[in-house]
Amino acid sequence: MKIRTLVFLSLACLAPVTLRAQPAIPQIEPIAAVAPAPAVPPAAPPAAPPAAPPAAHTARPARPAPPPAPPTVAVPPAPLALAQAPAAPKAVPALPPVVAPAPPAPRVVGQMINVRIDVTLSDSKGTPKTLTMTVADGESGMNRTTSSLPVGLAGGDYSFNADARPSVIGNKVRLGLTADAVVPVENDKASPANSGRLGLRQSQTLILNDGESVEIARAADPVSDRAFVLTVKVTIQR
């Protein structure tokens with residue numbers, strides 16, 4: 001027989017004896033619950049050791065003052081590059097609208113009638129002088145009368161003039177009148193040295209009735225007692 005077979009048989013014979021010789025296994029009792037241990041407070045950190053007093057610093061020698069800075073020189077700005085972005089166009093203010101001027105008011109044309117105007121200058125030392133003009137309604141007229149005397153006794157230029165503008169309203173006339181006159185003045189002694197001229201001028205607007213003669217002004221010579229009276233008469237010619 002082989003050795004392997006013999007070893008197997010011997011082991012098989014010894015197995016029951018080994019089982020019987022082992023003691024009984026005691027039963028294990030349950031373990032009672034153990035209360036947890038109380039929490040232990042954390043230990044305080046150890047106190048930091050006292051700081052050591054600062055060491056005495058030794059005095060250092062003062063540093064010398066820095067040298068003064070060199071003067072600054074203004075540098076002109078560098079020229080701009082030729083190629084630059086185009087400038088934004090400026091806003092042009094809006095022009096006010098053009099308002100056409102108002103047309104002139106139409107001229108008022110008077111009636112198709114004429115007015116005769118008689119202007120009389122009365123002199124206390126001479127005969128009255130009368131000038132006459134005929135003017136259309138709403139229009140203007142003028143009359144000029146001039147005379148000259150040789151140099152000598154009361155010599156010179158003399159005149160009697162009038163400008164008139166009538167407006168007919170019914171049987172009345174609204175008249176704008178300007179009259180002026182230059183007449184000679186003689187003193188008691190007839191000599192060229194004592195002669196002179198007297199000037200008169202009257203300008204006004206008045207209302208006259210048709211065919212009525214009205215005294216509109218009276219003047220006096222400031223040197224002598226000579227008096228002048230200006231009378232106007234209007235006649236509507238229908």
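**Asn-161 and the open sheet**

Tutor: In this predicted model, Asn-161 sits in strand β4, residues 156-169; a strand is a DSSP run of E with at least two residues, numbered from the N terminus. Residue numbers start from 1 along each chain as its sequence is written. Local features need pLDDT of at least 70, side-chain atom pairs count only at pLDDT 80 or more, totals for chains, interfaces and linings use all residues, and side-chain values use heavy atoms, without hydrogens and water.

Student: Why is Asn-161 called buried?

Tutor: Buried means under 20% relative accessible area, with exposed over 50% and partly exposed in between (1.4 Å probe, protein chains only). Asn-161 has 9% relative accessibility, so Asn-161 counts as buried.

Student: What makes the link from the side chain of Asn-161 to the backbone nitrogen of Thr-145 a polar contact?

Tutor: The distance is 3.0 Å. The definition asks for a pair of N or O atoms within 3.5 Å; within protein, one must be able to donate a hydrogen and the other to accept it, and residues adjacent in sequence count only if both atoms are side-chain atoms.

Student: Which residues is Asn-161 in contact with, beyond four places in sequence?

Tutor: Among them are Leu-131, Asn-143 and Asp-180. Contact means heavy atoms within 4.5 Å.

Student: How do you know that β1 and β8 pair?

Tutor: Pairing takes at least two bridges found by DSSP. β1 (114-123) and β8 (227-237) share 10, in the antiparallel sense. Asp-118, for one, has Lys-233 in β8 as its bridge partner.

Student: Why is the sheet called open?

Tutor: The order is β2-β1-β8-β7. β2 and β7 stand at the edges with a single partner strand each, so one side of each has no neighbour in the sheet.

How values were computed
Helices (H or I, at least four residues) and strands (E, at least two) are DSSP runs, numbered from the N terminus.
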